[in-house]
Amino acid sequence: MLVRDLMTRRPALIAADDSIAQAAEQMCLRCVGMLPVIDNYENRRLIGIITDRDIVTRHLAKGHGPFALVRDFMSREPLVTVQPDTPLLEAAEKMAAHHVRR
């Protein structure tokens, strides 16, 4: 089995210049705990991720307002990625080696 067999083909995305409130709203609407972060909606280049935990521990716990930008609280490069044709076992091993849970 390959990664493509289990992956979400069109995941929800958030741009780095969107607000934390927008990211939280998208997570709530999509019932997800993580969003890929892109540079902008035209280029759609992956530059990081933001998780519900990032929002709670880096944003809310520090008292930042709802209009703060995703770019200030997201996890950044180096990104650990795989291609759709990667075998699942290889992807799982890579995730374990880099302590990636999502």
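**Salt bridges in a predicted model**

Visitor: Is Asp54 buried or exposed?

Guide: In this predicted model, the relative accessibility of Asp54 comes to 6%. Since buried means under 20% relative accessible area, Asp54 counts as buried.

Visitor: Which residue forms a salt bridge with Asp54?

Guide: The partner sits four residues away from Asp54 in helix H2, a separation of about one helical turn. This partner is partly exposed, with a relative accessible area of 35%. The closest N and O atoms of the pair are 3.7 Å apart, and the residue that bridges to Asp54 is Arg58.

Visitor: How many residues apart are Asp17 and Arg71, and where do they lie?

Guide: The side chains of Asp17 and Arg71 meet in a salt bridge, with 2.9 Å from N to O. This pair links distant parts of the chain, as Asp17 lies in the loop between strand E1 (14-15) and helix H1 (20-30), while Arg71 lies in the loop between helix H2 (52-59) and strand E4 (75-76). Asp17 is partly exposed at 47% relative accessibility, and Arg71 is partly exposed at 29%. Along the chain, the two are apart by 54 residues.

Visitor: What is the relative accessible area of Asp39, which meets Arg45 in a salt bridge?

Guide: The side chains of Asp39 and Arg45 meet with 3.7 Å from N to O. Arg45 is partly exposed, with a relative accessible area of 47%, whereas Asp39 is buried, and its relative accessible area is 18%.

Visitor: How many salt bridges does the count come to?

Guide: A salt bridge requires a side-chain nitrogen of Lys or Arg within 4 Å of a carboxyl oxygen of Asp or Glu. By this rule, the number of salt bridges is three.

Conventions:
Residues are numbered from 1 along each chain as its sequence is written. This is a predicted model: local features need pLDDT of at least 70, side-chain atom pairs count only at pLDDT 80 or more; totals for chains, interfaces and linings use all residues. Side-chain values use heavy atoms; hydrogens and water are left out. Buried means under 20% relative accessible area, exposed over 50%, partly exposed in between (1.4 Å probe, protein chains only).
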